[in-house]
Structure formats: C-alpha cells, structure tokens
Amino acid sequence: MDADDYEHEEWDEAQADEGWNVDGADEGEWSSGGGNPPWLARLRSTVEQHSASVPNLQIYFSAVLETLQLTEGGEYPSSAITPTSLMACLVTSLTDGKQKTLKDLFCLVHLLSLVLPLVTDAVLSVSASHLGAVLFQLIQQYGTNHTLAKPLFTCAKRLLLGALPQWNDDELLQIFKLILSVCFESSNVLVKAAQRSVHSIMLSVNKVRKGPAAPVYRALDEAVTVYCATVLKKLSNIATSSSAGDKSAPSGGAEHAARKSAQACLSLLTLLFPLLSQNSISSLCLTILERLPSEPSLCLSAFTAIDRLFEANTANVRPVFVHKLISALALQRPHHADPEPSIAYTFLVSHGYAKLYALDQQLCKRNIASAFVQLFGNFQAVNPALAYATSLALKDIVIGCIDQEMIVESFTAIRNPMPGRLPSAVQTIMNTLIQGFEYQYQHAWGCVLSVLSTLFLSIGAADQSMWQAELAQFLKPVALPMCELKLQQLKAAAAADGDKFPFNQAVNKSFACLIRSISPQVLLEIIPLNLGGDSSEARDWLLPLMKDNVSAHSSLMFFAAYFVRVYGQLEERIAEYADNGMMTSARWLRGVANNIWELFPSFCNHPSEVVTGFPRLAEGLHKCISELGETSLAAVLGLQRLIETNSHVVENDVAFMGSMQEFPPTLVAWTKGKRNLVVPMPFNFVQVTPAEARANLECIASFAPNFLPTLFNILGAAPQVLISPLHRVLSGFLSVTPTKVVTGQFTAVVQKLLGCTKKTEREKPESIAQSQMFLSVLADFVPHLKLKSVRTLLRAITPFLTEQQIDDGVQKKAYTVLEQIVEHHPNFVLENIDMLCELLLQTASLCRTLSKRRRLQVMGRLIAFLTSGELTLNAKQRDLKAKLIRQALLGECILCTREHNKKTREIAISLLIELANAFVLEDSDQG
C-alpha cells in the first residue's frame, strides 16, 4: 500500500507556529533524573491521535525510541533523551542513504513535523544549515506529492520561523521559494497548504520586520513580488498571443494552466497584500491592472485581493497610492452585464474610499462626489442584486466619508452663493439622488430611497441650529419627488391595490428618516400641510408620520404657535361645514384635527422652549383634557411625558440628550458575508440642563391651580383608558407644585370625601363612585404631604376601614391610601405605631376580599417596622406588639392562601414563610 493512499487529519498549525512555547529553553528543561518527562507524554498522546489517520505511525515512533535505547518501562538511561536527539535521529533516518518507500518517508516526515515544535529556536538556528539542506532536497523531490507535501511544508515553516533572524544560509530562502512555487500549482489541496505556510511565515516575519529580521523580510517580500508578477505576466502574454492569432502561441491547455496559476496567485495576494511593502504593493497592483485580461472570474479574484488590501488595518500604503489605485480601477470597471465582478468592483470602490478617508480626509473629500456619481450609474442596469449591492456601497460612502464639516460646507455655499462656484460634494450627491427619481431608474427607486434615508440621517447628526433656512433650501428639491411617490402609494392603497406598489417600505422609511433628522419647522417649510384648500391637495398623511418620528429638534413653542393655531382654524371650518350639511368634509377635518393633537406627546419627549411655549399652550391643553374627547388621551400623555422628562433631569442632576439612534443593521454589509456592521450615530438633540429643567417644572407648576381641580373632577367620568395616565399626570403635578398649593388642594379633596359620607340613601350609588374617586386622588397626594396632613388623611379614611356596611370598592381604595402612608411616611409610622397596630387588629373581621392583598402588605410593613429596632419602645413592648401582629397575620395569611386572586395568594405565601422564620428565631432566643 502506497503512502498516497493514506488520508490523514490536519495537524494544529497554530501549535506548530508557537513551538509549544519552548522558545529559549535549554536542554536541561527537557530531561529528568528518571521517568517520562511531560513533553514526551504529550508527544505520545499526539502520535496516538494522528495514528488513527496515519497507519503505522506508532510503529515508526517506537522504532525511533528503540534506536535511542529508551527502556520499555519508560526509565531513562544515563544520557536522557531530548527533543533535539529525537530530531537528530529522524533526520539521520531520512539521510542514511537506504532506499525507502513513500510510506516510510511519510511516517518519518510526519513524526518530524510533530517533533520540531518541541525543539527550541536556539537549537534550530544552530541546525538550520544541515536541516535546511535535507528539507530543501525533500521538498524539491516530493513538494508536489499530495501526501508528503503538507508535513514537509509544516517542517519547513517551523525551521524558517525558528531560525529567525539568523537566515545566513541561502538554502533557507530557497526552501521558502520552493514552497512559494507550489502556491501556483494546479492542485487545490497543495495550493491551499502552501499558501497557508507562506502566509504564516510572512505574518511572523512581518512582526519583526524593523528589527534584526529586516533583511529576511526584504528577501521574502522580493521573492513574493517576483513570483506573482511572473505568473500574471505569463497569463497576459499567452492571452495576447492567442488574441493576435499567433501560430506559435501556446495551446489551450497551457492557457488553462496559466489561468489557474493566475487564479492561485490572486488568492495568495488576498492573504499577503497587508503584509507586503509599499513598493511591492504598488508594483503588483500595477501588474494586475495592466495585464489582467477582462475575464469575470479573474476580475473577481483581482478585486477581492485589492479589497483585502483596503480592508486590512495596515500602514503599508500611502493615501496618494490609494487614490491612484482607485482611479486606475475605474479604467478596469467591468460591464453591468457581468454582475459578480460589478458587485465586487462596487464594494471595492467603497472600501477604497473608506481607507482613503482614514488616511487623508481632505483627499477623500475632494474625490468622493465623483466616486458616488460613478457608482450611482450602476442603477441604470436592471439587475436587482447589483442595485442592492450599489445601495449598500453608497450608504457605506455616506456613513464613512460624509462628516459634519462637509455638510456645513454645503450650507455655507447656499448662504453665500458665488458665480461659477462648483457644487459642494454633498450638493453633488444630493443632486445625483434627485436624478435617481427619473423614470429610467424606476426599477431602483427603492434603493435610491434607501441611500437617501442614510443621507438624511447623516444630515441629522450635524449641528443645524445656525442653518435652518439653508437646510430648507437644500432639502426642498428632493421633497417634491418624494411627495409624488407618496401620492402614488396612497392612490394604490385607495384602489385596494396597495400590495402592488413596490416601494411601500422604502417610501415610509425615507420620510421617517427625514422627519427624525430635521426640526418640524424645516419639515413644514419644505412640505407644507396645505390644509386650507381642497382635500385632494392636502398633505394630512404627513401628520401620522410625524407622530411616529418627531423626536429631535422639537420645540414646544412651535407646537403652540403653529399647530394650536391650525387646530383652531380647523375647528372653525368643521363647525362651518356642519352648519352647511357638508358632513363628509367635516368628518375628514375632524380626523385631521385629532391627528394634530396626537402629535403632542412626540413634541414632549425632549422639547426646547418650554418656558415660552407652555403658557401659550396651557389654555388649549386644559380645554382638550377637560372635554374628555378623542384627543384627551394624547394631551394627557404629552403632559405626563413633559413633567417626567424634566423631573428625571432634576432628580439625577444630569443633562438630558435623548435616546441614541442607530442605522439599520443592513446599512453596511460586505459581499460574501465578510462584515455586517451597525454604525451608531447620535442625533444633535436639544440638550436640557438641570437648571433649564427646574425652570421648565416651575413654569408647569404655575398652572397647577388650573389643572389640578380639573383633573380631580374628570377622574370620575374619565374612560378606563384615561384613568392611569390621569393619575400619573396628577402625581407629576403634585411633585412639582409648591407645598402650599398642594395642601390647599388636599384639604378641598378631603372635605369632598367627608361630604360623601353624609349623602342620603337615595344618593348612595353616586356617593360610592365619588368616594372611590376621591380616595384614589388622595392616594396620589400621599407622597407629597407633610406629617400634619398625613394625620388628617388617616382620620379621614378610618371610617371606611371600620364601618361594617361599607362598599367593597371603597374599602379597597381606603386600604390603598393606608398602604401609601406606610410606604412613603416611615416617620409617621414610627410615631403612631400603636394606633396603626390597634386599627389593624380591630378591623381584621371587617376586611373584604378585594382589600385583603393590600391589608396583608400593610401588616407585613408594620412587622418590619416593629423588628427594625428604630422604635423608641423598650424591647419587651416591641416584641409583644410584634407577636400580636404576627399572630393576627398568621390566621389571615392561612385563609388568604385560598383566595381566588393570584397576587393575594402569592403575598400570603410569602408572608407565611417570613412568619415561620420569625417564630423559629423567637423560639431559639427563648430556648
């Protein structure tokens, strides 16, 4: 059986590169007075693993050990074995002159490839001449053998790296050149193995290229350059002779072999380009661009190799060279009919400009517009894959190369126009995108809109505060075709044909990015709503889009000055239409008017000009909330966000900048899944400082006397969807309102609550509803009350806890208020612990099912207070009260474990566990 018949597994090349971490060790570390050293045990284990795919490997290993007279039991003779002696024995076996079969050679070379990583670099440097000669002869004879080549390459790689930087022998360089020559063979298996070895050697040498190994690096760099240039020129010469009809031209087989060699050469350069010198890179790139035939497969490989040069984080290239290379690539631009090379070229250009921007921003900015226009021409080809790839590349250019300085430069050119001045880069890019709405690009409108969305986001990242007029003038030309597309979308939807409109998602996304990136003032200047005329000309479709996307640059003053005024005008027209019987138009305008107030919460996320805008808005906001109409929920939610946002800034004493926005994950995705990059870009939100937030809250609190009574009055009549937001707004108002105003409003509510208890039997249903409403309002008051008011409140709710004929819902609300008192006023609880314990013990039999959960929570908190050690009572009194409460609570908890309400059962079980632990602790203290 021949060695070629064997299939063996790939050995760990990383382990061979590292040499088992033995660099610099001396031979003494490898021997011990007796027994097997660790390295030999590891080597045995490795040989056993490889023997599964390399038959007879263990037999040869045992023979080598026998030759070194290693005893069977593993004990060493007087002269201990070392990795060096193993290497010497294997090399001697390879050069003893005896005739060997391929199987013998394969096993010996394989063993040598496993032993060499154990030999120190110092020993390899000394043995480099002799071992290099042996390996040179073997590679020269068997370098193209599929089985022997791989272990030979591994041995040579270990020798070359171990002998660095002492490459004094020319034979070592010849070994490298032999391996390099195999990189261009026809066998894919050998090519890949040789290329991996060459890459590993170059990678290691590159790390020390400026040290003692500099001559070695120059020699390897020159060898790679010469070999690759020779292979590429050979293919070019063959192709030229064939096309010229030269009878002496090589046959088709030779041309095919040359083409495969060129393909392997480009594959090798994909690995080595980041490791070569600037001169070699320039020479090879020039050779590729000058001599490469226009064949799709080779073009694709060439573009991939150069793309690797752009992607790599290397300082081996200069910006001028990158620019010249990109310019030369334009002459080799493949035709649209070849989609794969065209896609590779498109990404190559975008990566090239990303590299150029990193090296020289100014040089990149001067040329980025022409590159954008050139790539935009790909949209003329009716090829979805190429169009999508082009959109990704163009978005990559926008993200990576258009910065705030370029955007401001465009605004400056608009503000200060000069005759004969060429458009700026950003203006050229915008004009190109506007041309993309022509019908010759109709098939690619979705991709054009996608690139436009990215440009909007880049503009949104720039500071716009000084350029509002210029920004509107810059964006107005692109707004018209976008609106026309939106109208086409709406017409398709109205005709029940919306699914056939191919750009639904792209149109909506482009408008969303536009709205997020600019202020509402600029948006409505470039796209007016047109609500004063015929409904066919109105752009009311813009309002829902604004509702979902207005987040940055919003001004409360603008909402009050513009939208509230428009809302008033719409109300007048609605009344006029209703009086004239034009109910269809009235209903349409009512929907538009409601959409205006639906915008209000979005304007309250992080607005500016609150101090000047809220007073102008307060009256309309108050009316909108008090009417409990279709727009009340939006008004309440907006007011809630306005208070909570500013309160958050004040409480944390940190300026508020809004949330971070991100580009979609598909914005930057390289071909063949090389990269999938998300580029976060924060918008320039209007910053709210703690001082401004305090001023905003003071302004809002000044209207508390107007809003609080209204909120109290409408709580009882509000629909269920409004109850929770109203309570949060009420709590927010109370948190920012002066104590004097809060106390006055609290007194008024308590008086109304006590008045409910004096109602007659006929008025009882109304009294119950009012009592529940007033108690829920008082629960919102609790966190903001002084101790004196808390005492008043406790006296007010006590009748609702102790009466037998009380309504279940009213009692539940009263326990909610008591729970709030215990949670938010610990000092009051400590001072009145006796009264609270007595109250709970007396009302145990009166508690209804709806109130049990809150009652259990109150009792659990009281026990925590009694056992906290903060009471002024002596230990005996405190323990006695805690014991009474625990005993009362124990029975209630047991009964509550059978309640229908899940939360009540969970709290009861939790308290039972705590009670059990407390009783065990009490017994241990007494025992």
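**Aromatic pairs and nonpolar cores**

1. Tyr 345 is buried, with a relative accessible area of 2%, in what should be read throughout as a predicted model. Its aromatic partner is Phe 303, which is likewise buried, at a relative accessible area of 4%.

2. The model holds 26 aromatic pairs. In the one formed by Phe 303 and Tyr 345, the ring centres lie 5.8 Å apart and the planes stand at 55°, an arrangement that counts as tilted. This pair links distant parts of the chain, since Phe 303 belongs to helix α13 (residues 296-311) and Tyr 345 to helix α15 (residues 339-359), with their positions 42 residues apart in sequence.

3. Phe 614 is buried, with a relative accessible area of 0%. The rings of Phe 614 and Phe 703 have centres 5.5 Å apart and planes at 75°, and because that angle is over 60 degrees the pair is edge-to-face. Phe 614 sits in helix α28 (residues 610-626), whereas Phe 703 is in the loop between α30 (690-701) and α31 (704-715), so the pair ties together parts that are 89 residues apart in sequence.

4. Leaving aside residues up to four places away in sequence, Phe 614 touches Leu 556, Leu 621, Leu 639, Leu 642, Cys 699, Ile 700, Phe 703 and Phe 707. Phe 614 is also, together with Phe 273 and Phe 563, among the residues with the most contacts inside the largest nonpolar core, which has 291 residues. A second, separate core has 7 residues, including Phe 347, Ala 381, Leu 392 and Ala 393.

5. Phe 563 appears again in an aromatic cluster, where it is joined by Phe 558, Phe 559, Tyr 562, Tyr 567, Trp 597, Phe 600 and Phe 603.

Methods. Residues are numbered from 1 along each chain as its sequence is written. This is a predicted model: local features need pLDDT of at least 70, side-chain atom pairs count only at pLDDT 80 or more; totals for chains, interfaces and linings use all residues. Side-chain values use heavy atoms; hydrogens and water are left out. Rings of Phe, Tyr and Trp (its six-membered ring) pair if their centres lie within 6.5 Å; planes under 30 degrees apart count as stacked, over 60 as edge-to-face and the rest as tilted. Helices (H or I, at least four residues) and strands (E, at least two) are DSSP runs, numbered from the N terminus. Buried means under 20% relative accessible area, exposed over 50%, partly exposed in between (1.4 Å probe, protein chains only). A nonpolar core is a set of buried Ala, Val, Leu, Ile, Met, Phe, Trp, Tyr and Cys residues joined through side-chain atoms within 4.5 Å. Contact means heavy atoms within 4.5 Å.
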